[in-house]
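Please prepare a report on the fold, the nonpolar cores and the aromatic pairs of the chain shown here.

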Amino acid sequence: MTNKIVIITVVVAIIVSFIGVKLFSKNGSTSGTDSTLATVLNRKEIRVGYVIYPPGMIKDANTGELSGIFHDALEEAGKNLGLKINWVEEVGWGTMIEGLKAGRYDMIGSPVWPSAPRATQADFTRPLTYSVISVYSRANDNRFNNSWDAINSPDVRISVVDGELAQTIAQSQFPTAKVVSLPQLSDISQSLLNVSSGKADVAFVEPYIADAFLKNNPGSIKNVQPNNPLRVNGNSMVIGQGQEAFKAMLNTALEEELNSGYIDALVKKYETSKNSFYPVAKTFSLPN
């Protein structure tokens, strides 16, 4: 009888310990913190999801070859870390974080603007560049020249791409205006086409995107207040929440590129519109 009690006690203790470990891991133990780093180092490869967004992430329409500021920066980081960069999946703005949470890739390697809603679901690397978002209207539309408040009207239509930050800005800053949505895999320039064609009144995009659009559609749109951008945002990559060790490794590699001038060289290589990007402030100053 005594032996049976001992055996039952041992079995119960093992089961309780097993359940405790499972719950501890599920509820945010330190083992979860390093899980992506351990997987990546064991695999010797970082699996990356990406959103096409020139010039940060460019895809050749004929060959499918990827390039761009963020593509090249991550490839360089992988080389320096001794890790292969595997570009596994093209994703949309609205589903990129869901794919990350589902484990289809380890990170998102395109330039993404951190925002409060996104921060509830993911984390971000340090920014590699900063960029501005400006308001664009039709060239002959002067309603918004003096104040952004004029946008917040039921008579105004804002063109956005589903899941992209312009949608968040429209909903939070101009809730009274109407939103004209495009599918999430749409090229951002489609928002400007909506404006120029009269389907919408304004769009929120970077000057780089607008300048490229104007080259093919001269005189069709204008930067409503060129000296007063709507937002200034850092351009970061996205990783899962709680992956502090993985983020620290990436940030170290990216900071090395920032301090060496490699990122500045990439911007110069890919930037076709003047002042499309603004550099990250140096954390040091050189002696005179």
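The report goes from the whole chain to its cores, its aromatic rings and one helix.

This is a predicted model, in which local features need pLDDT of at least 70 and side-chain atom pairs count only at pLDDT 80 or more, while totals for chains, interfaces and linings use all residues. Residues are numbered from 1 along each chain as its sequence is written, and side-chain values use heavy atoms, with hydrogens and water left out.

The chain contains eleven helices and 13 strands, taken as DSSP runs (helices H or I of at least four residues, strands E of at least two) and numbered from the N terminus. Of its 288 residues, 46% count as buried, where buried means under 20% relative accessible area, exposed over 50% and partly exposed in between, with a 1.4 Å probe and protein chains only. Among contacts (heavy atoms within 4.5 Å) between residues at least 6 apart in sequence, 73% join residues at least 24 apart.

The largest nonpolar core, a set of buried Ala, Val, Leu, Ile, Met, Phe, Trp, Tyr and Cys residues joined through side-chain atoms within 4.5 Å, has 46 residues, and those with the most contacts inside it are Met96, Ile151, Ile158, Phe174, Leu192 and Phe204. Among the elements that give two or more residues to this core are helix H5 (96–101), strand S5 (107–112), strand S8 (157–161) and helix H8 (189–196). Apart from it lies another core, of 31 residues, among them Tyr50, Phe70, Ala253 and Leu254.

In strand S7 (residues 129–138) lies Ile133, which counts as buried because its relative accessibility is 0%. Leaving out residues up to four places away in sequence, Ile133 touches Trp113, Leu165, Ile169, Phe204, Val205, Pro229, Leu230, Arg231 and Asn233.

The structure holds four aromatic pairs, defined for rings of Phe, Tyr and Trp (its six-membered ring) whose centres lie within 6.5 Å, with planes under 30 degrees apart stacked, over 60 edge-to-face and the rest tilted. Two of them are tabulated.

| Pair | Centre to centre | Angle between planes | Class |
|---|---|---|---|
| Tyr53 and Trp113 | 6.2 Å | 85 degrees | edge-to-face |
| Phe174 and Phe204 | 5.6 Å | 45 degrees | tilted |

Phe174 lies in the loop between H7 and strand S9 (178–182) and Phe204 in strand S10, so this pair ties together parts 30 residues apart in sequence. Both Phe174 and Phe204 are buried, and Tyr53 and Trp113 are buried too.

Helix H10 (residues 244–260) has 17 residues and should span 24 Å at 1.5 Å a residue, which agrees with the 24 Å between its end C-alpha atoms; the expected span is 1.5 Å times one less than the number of residues. Just after H10, Gly261 takes a positive phi of about 90 degrees.
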